[in-house]
Structure formats: structure tokens, C-alpha cells
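Here are my notes on the model, set out as numbered points. Please read them with the structure open beside you.

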Amino acid sequence: MNVKVEEKDGKYVATLEGEMDTAAATEVEELLKPLYESNGKDVIIECKDLEYIASSGLRILLSILKGAKAVGSKVVLRNVNEDIKNVFQLTGFINIFEFE
């Protein structure tokens with residue numbers, strides 16, 4: 001699993017690549033820590049190359065969303081493939097997150 005976090009145009013942009021499975025969750029959570037406290041900046045999570053997400057990955061994204069909302073920021077999941085979107089649909093998270 002590859003994770004890249006950068007600041008662009010006053011927003012945080014996180015790029016996720018590979019499989020966000022339980023084995024990768026601890027490392028991914030550490031790499032995404034800056035997003036937990038978005039400091040009022042919106043968060044874009046680029047999912048074009050995300051191939052799989054486990055429940056531990058969903059928990060990480062939900063924690064980021066809660067932290068962002070607490071300070072008035074929004075979280076957008078971008079370029080989510082149909083398989084990943086189905087996971088969000090099955091868990092009910094499709095109604096919680098914003099997708100582009």
C-alpha cells in the first residue's frame with residue numbers, strides 16, 4: 001500500500017494506491033495522521049489506484065471525516081472505482097461521504 005499526503009491549493013490531498021487491508025491499516029493510519037486534524041482545510045482523498053478496502057480502512061476514513069467535520073472542513077473521495085463504491089454502499093458509508 002502506497003500513501004502520499006501533500007498540501008495543494010490550501011487543501012490536503014491524500015493519494016491511496018494498492019490494497020488498504022488490515023495488514024496495511026496501522027501504517028496507513030500513521031501516514032494519514034495529518035488529516036485527522038485538518039486545521040480547517042478540506043481533504044481530498046484520491047482513490048483512483050485504490051484496489052481494495054477492508055473495514056479497518058473504512059474506520060480510518062471515518063475518523064478523518066469526523067475530525068474534518070469537527071473543524072468545519074469537508075472530505076471528498078475522488079475517483080472511487082465501482083468495487084470500492086460497492087463496499088461503501090453495503091456498509092451505508094455511501095451516504096456519509098462525498099464522492100467526485
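1. In this predicted model, strand E2 (residues 11–20) and strand E3 (residues 43–53) run parallel and are joined by eight bridges. One position to look up is Met20, which stands opposite Ile53 in E3.

2. Strand E3 is also joined to strand E4 (residues 75–78), by four bridges, and these two strands run parallel. Two residue pairs can be found here: Ile45 has Leu77 in E4 as its bridge partner, and the bridge partner of Glu46 in E4 is Arg78.

3. What order do the strands of the sheet take? The order is E1-E2-E3-E4-E5, in an open sheet of five strands with mixed pairing. Strand E1 (2–8) and strand E5 (98–99) stand at the edges; each has a single partner strand, so one side of each has no neighbour in the sheet.

4. Helix H4 (residues 82–91) packs on this sheet and touches E3, E4 and E5. The direction of H4 makes about 100° with that of E3.

5. Both ends of H4 deserve a look. At the N-terminal end, Asn81 acts as the cap: one of its side-chain oxygens lies 3.0 Å from the backbone nitrogen of Asp83. After H4 comes Gly92, with a positive phi near 85°.

6. Now return to strand E2, where Ala14 is found. Is Ala14 buried or exposed? The relative accessible area of Ala14 is 0%. The cut-off for buried is under 20%, so Ala14 counts as buried.

7. Which residues does Ala14 touch, leaving aside its neighbours within four places in sequence? Ala14 is in contact with Lys4, Val5, Leu32, Leu35, Ile44, Ile45 and Glu46. Two of these have already appeared in point 2: Ile45, the bridge partner of Leu77 in E4, and Glu46, the bridge partner of Arg78 in E4.

8. A distance to check on screen is the one between Ala14 and Pro34. These residues are 20 places apart in sequence, and their C-alpha atoms are 10.0 Å apart in space.

Technical notes:
Residues numbered from 1 in each chain as written. Predicted model: local features only at pLDDT ≥ 70, side-chain atom pairs only at ≥ 80, totals over all residues. Heavy atoms only, no water. Pairing = 2+ DSSP bridges. Contact = heavy atoms within 4.5 Å. Axes fitted to C-alpha atoms, helices over the stretch in contact; angles between N-to-C directions. Polar contact = N/O pair within 3.5 Å; in protein donor to acceptor, adjacent residues only side chain to side chain. Buried < 20%, exposed > 50% of the residue type's maximum accessible area, 1.4 Å probe, protein only.
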